[in-house]
Amino acid sequence: MNAERIDGPGDIRIDDIPEPTSRPVTALVTGAGQGIGRAIALRLAKDGANIALVDINNEKIAIVAKEIEQIGRRAATIVADVSDRDQIYAAIDTAEAELGGFDIIVNNAGIAQVAPISEVDPDSVRQILSVNVEGVLWGIQAAAKKFIERGVKGKIINASSIAGHEGFAMLGVYSATKFAVRALTQSAAKEYATHGITVNAYCPGVVGTDMWVTIDERFAELTGAEKGATFDQFVKGIALGRAQTPEDVANFVSFLAGPDSDYMTGQAVLIDGGIVYR
């Protein structure tokens, strides 16, 4: 550090004060290979975190890992299925071992399902529940266990949705899974508060990602609308007048992951440009 003039024999020079020696935080992001998960991983890396990238697609997270390294942070790539409890526990152990810590989990991975309630079948229900609900549950459980073992006041951040605040036609089961994420977020926040662990969720709206391409195409099949028409119709209902970007979501997750949100827990906050109001 630069020296500062001393006015008297008892004064302390600025350059006599040791630099802080705290390590960078480690954040694990699921579904980190593309879309919102990728944007979150890159934003947290820009904030100074080392990132454990979890996804079922190794090629995609390998690309994101290179982007993170270009930012100047460390990255670990972990292929795991979030619906498998053992794989999530193992992913967190790997993140801790490879990156030297574990402070934040972003349970971002999720899938969409567009179908009238009358046409939903058992296999599709089991699939979306296993990823969107169990994936978040195992992430909460495994992360909290590791935080407590390490004596860390960690942060658990879950992906809900505007569909977790309001049920949407043709998205009934998907909406149910996102309502469930809100319930898990509230319950976990109450259970882990005594350990200093905070649990919050983010609730995006109409984001320009591959998931919304799939949703739009499925609506077209069911309703006869032209491709792109459903997406455009939803965007017209956004008060701020544009579709959401993954970076819009990542900017808010940065707040949830940082110290400015330390007094916030159990919340599932809408970040949608003005679609659903609560």
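Within the predicted model, N132 is in contact with G110, I111, Y174, T177, K178 and V181, once its neighbours within four places in sequence are left aside. N132 itself is found in helix α4, the helix that spans residues 122-150. How accessible is N132, buried or exposed? Its relative accessibility is 0%, and N132 therefore counts as buried, since the cut-off for that word is under 20%. A helpful contrast comes from V25: N132 and V25 are 107 residues apart along the chain, and their C-alpha atoms are separated by 26 Å.

Two of the partners of N132 deserve a visit of their own, and they are Y174 and T177. T177 lies in helix α5, and with a relative accessible area of 0% T177 is buried. Which residues does T177 touch, leaving aside its neighbours within four places in sequence? They are I128, L129, N132 and V133. Another way to place T177 is by its distance from A163: the two are 14 residues apart along the chain, with 8.7 Å between their C-alpha atoms.

Y174 is found in helix α5, which covers residues 172-192. For this residue there is also a note from a record: UniProt lists Y174 under "active site", in an unreviewed entry. Y174 has a relative accessibility of 10%, and because buried means under 20%, Y174 counts as buried. Not counting residues up to four places away in sequence, Y174 touches I111, A112, Q113, I128, N132, S161, A163 and M211. Readers following along in the structure may recognise I111 from the contacts of N132, and I128 from those of T177.

A176 also lies in helix α5, but its surroundings are described by another word. With a relative accessible area of 44%, A176 is partly exposed, because this value falls between the cut-offs of 20% for buried and 50% for exposed. A176 and D248 are 72 residues apart in sequence, and in space they are 24 Å apart, C-alpha to C-alpha.

The path leading into helix α5 is worth a look too. I162 is found in the loop between β5 (155-159) and α5. Is I162 buried or exposed? I162 is buried, with a relative accessible area of 6%. Apart from its neighbours within four places in sequence, I162 is in contact with F168, C203, P204, G205, L270, D272, I275 and V276. The C-alpha atoms of I162 and K178 are separated by 8.3 Å, and these two residues are 16 residues apart along the chain; K178 appeared above among the contacts of N132.

M170 is found in the loop between β5 and α5 as well. What is the phi of M170? The angle is positive, about 70°, although M170 is not a glycine. M170 is partly exposed, with a relative accessible area of 26%.

Helix α4 takes part in a helix pair as well. Two packed helices are described by the angle between their axes and the distance between the axes. Helix α3 (residues 85-99) and helix α4 pack at an angle of about 40°, and their axes are 9 Å apart. The crossing of α3 and α4 is right-handed. Which residues of the two helices meet? On the α3 side are R85, I88, Y89, I92, D93 and E96, and on the α4 side are W138, G139, Q141, A142, A143, K145, K146 and R150. By character, the residues of this contact divide into six nonpolar, two polar and six charged.

Stepping back to the chain as a whole, how is it divided? Domain 1 takes 26-205 + 245-271, while domain 2 takes 207-243. The contact between them draws 21 residues from domain 1 and 13 residues from domain 2. The C-alpha centres of the two domains lie 24 Å apart. By these bounds, Y174 belongs to domain 1 and M211, one of the residues that Y174 touches, belongs to domain 2.

Key
Residues numbered from 1 in each chain as written. Predicted model: local features only at pLDDT ≥ 70, side-chain atom pairs only at ≥ 80, totals over all residues. Heavy atoms only, no water. Axes fitted to C-alpha atoms, helices over the stretch in contact; angles between N-to-C directions. Helix = DSSP H or I, 4+ residues; strand = E, 2+ residues; numbered from the N terminus. Left-handed = near helix turned anticlockwise from the far one by under 90°. Contact = heavy atoms within 4.5 Å. Nonpolar A, V, L, I, M, F, W, Y, C, P; charged D, E, K, R; others polar. UniProt positions renumbered as here; feature names shortened; annotations may be inferred. Buried < 20%, exposed > 50% of the residue type's maximum accessible area, 1.4 Å probe, protein only. Domains from an automatic or database assignment.
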